[in-house]
Amino acid sequence: SAIAGQQGFYTRGPYDGNPRALIDPATGDLAGPLLSLVDSYINLGSTIVDAIDMGAAYELKTATAGTWTFQVEATHMLSYRQEQSTGGGYSEFIGSVVDFDGFPTWRGIGSIGWEYRKFQLTAVADYRSGMDYIHPGFDSTGLATVGSFMTYDLQASYQLPWETRIT
């Protein structure tokens, strides 16, 4: 093919809306310097998701220690099936990373917040279960495992005059 081993992609001139204008009919190769590339995304398949979402929140107001908020949310993904094109069959993606999209079996987030007069403090923990990394160009020997992980965030803020807040 004209693309293999070349430094760039080639076409004959301005794109006129006809995708065949990019191909030299005599050789079947692309010909001429690339002037533009037009591509549009069309979703021809479908996605079926089965999951259980859970969540709870509680607020505790105290007379002397401010207001405390507690929140936890979790999702257990049972199935994430995607069909690339109509009638093409479904692929299951739970527990995997395909390109850069992750489909962990478990996701969870929890937070504790405290507010007292003009001060506010919030701590958040975010969890993802482990996944297998799948790249479309690899076979099963090209798998890599992404272990489960948790990230933490801490935010503090102070209310200033004139409806201004420093965070």
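1. Strand order. Read along the sequence, the chain goes β-β-β-β-β-β-β-β-β-β-β, which comes to 11 strands and 0 helices. Please keep in mind as you go through these points that this is a predicted model.

2. Whole-chain numbers. The chain has 167 residues, and buried ones make up 14% of them. Its accessible surface is about 12300 Å², with 57% of that belonging to carbon and sulfur atoms. Among the contacts with a separation of 6 or more, 46% are between residues 24 or more positions apart.

3. The β1/β2 hairpin. Strand β1 covers residues 47–61 and strand β2 covers residues 67–83; the two run antiparallel and are joined by 15 bridges. Between them sit 5 residues, and the turn includes Gly66, whose phi is positive at about 80°. If you would like a register marker for this pair, Tyr58 stands opposite Phe70 in β2.

4. The β6/β7 hairpin. Here 10 bridges join β6 (residues 106–116) to β7 (residues 119–128), again in an antiparallel arrangement. This hairpin has 2 residues between its strands, and Arg117 in the turn has a positive phi of about 50°. For the register, look at Gly110, which stands opposite Ala125 in β7.

5. On to β10. Strand β7 also pairs with β10 (residues 149–160), in the antiparallel sense and over 10 bridges. Thr122 is placed opposite Gln155 of β10, which gives you a handle on the register of this pair too.

6. Leu121 in β7. This leucine lies in strand β7. Is it buried or exposed? Neither label fits: Leu121 has a relative accessible area of 35%, so it counts as partly exposed. Leaving out residues up to four places away in sequence, Leu121 touches Ile112, Gly113 and Trp114, and also Leu154, Gln155 and Ala156. Ile112 belongs to strand β6, and Gln155 to β10, so the contacts of this partly exposed residue reach both of the strands that pair with β7. A longer step in sequence is seen with Tyr158: Leu121 and Tyr158 are 37 residues apart along the chain, with their C-alpha atoms 9.0 Å apart in space.

7. A nonpolar patch on the surface. Which residues form it? They are Tyr58, Leu60, Trp68, Phe70 and Ile112, and together they have about 460 Å² of accessible area. The elements giving two or more residues to this patch are β1 and β2. Tyr58 and Phe70, the opposite pair from point 3, are both members. Ile112 comes from strand β6, and with a relative accessible area of 44% it is partly exposed. Ile112 is also one of the contacts of Leu121.

8. Thr75 in β2. Thr75 has its place in strand β2. Why does it count as buried? Its relative accessibility is 18%, and the cut-off for buried is under 20%. The side chain of Thr75 makes a polar contact with the side chain of Asp53, at 2.7 Å. Apart from neighbours within four places in sequence, Thr75 is in contact with Ala51, Ile52 and Asp53, as well as Thr105, Trp106 and Arg107.

9. Salt bridges. How many are there? The count comes to 3. One of them joins the side chains of Asp50 and Arg81, at 3.8 Å from N to O. Asp50 is in strand β1 and Arg81 in strand β2, so this pair ties together parts that are 31 residues apart in sequence. Both partners are partly exposed, Asp50 with a relative accessible area of 34% and Arg81 with 30%.

10. The other two pairs. Lys61 and Glu59 meet through their side chains in a salt bridge, also at 3.8 Å (N to O). Lys61 counts as exposed at 64% relative accessibility, whereas Glu59, at 45%, is partly exposed. The side chains of Asp126 and Arg128 form a salt bridge with an N to O distance of 2.7 Å, and Arg128 is partly exposed at 22%.

Key: Residues are numbered from 1 along each chain as its sequence is written. This is a predicted model: local features need pLDDT of at least 70, side-chain atom pairs count only at pLDDT 80 or more; totals for chains, interfaces and linings use all residues. Side-chain values use heavy atoms; hydrogens and water are left out. Two strands pair if DSSP finds at least two bridges between them. Helices (H or I, at least four residues) and strands (E, at least two) are DSSP runs, numbered from the N terminus. Patches are made of residues with over 30% relative accessible area and no salt bridge: like charges are joined within 9 Å, nonpolar side chains (Val, Leu, Ile, Met, Phe, Trp, Tyr) within 5 Å. Accessible areas come from the Shrake-Rupley method with a 1.4 Å probe; for residues, only the protein chains shown count as cover. A salt bridge is a side-chain nitrogen of Lys or Arg within 4 Å of a carboxyl oxygen of Asp or Glu. Buried means under 20% relative accessible area, exposed over 50%, partly exposed in between (1.4 Å probe, protein chains only). Contact means heavy atoms within 4.5 Å. A polar contact is a pair of N or O atoms within 3.5 Å; within protein, one must be able to donate a hydrogen and the other to accept it, and residues adjacent in sequence count only if both atoms are side-chain atoms.
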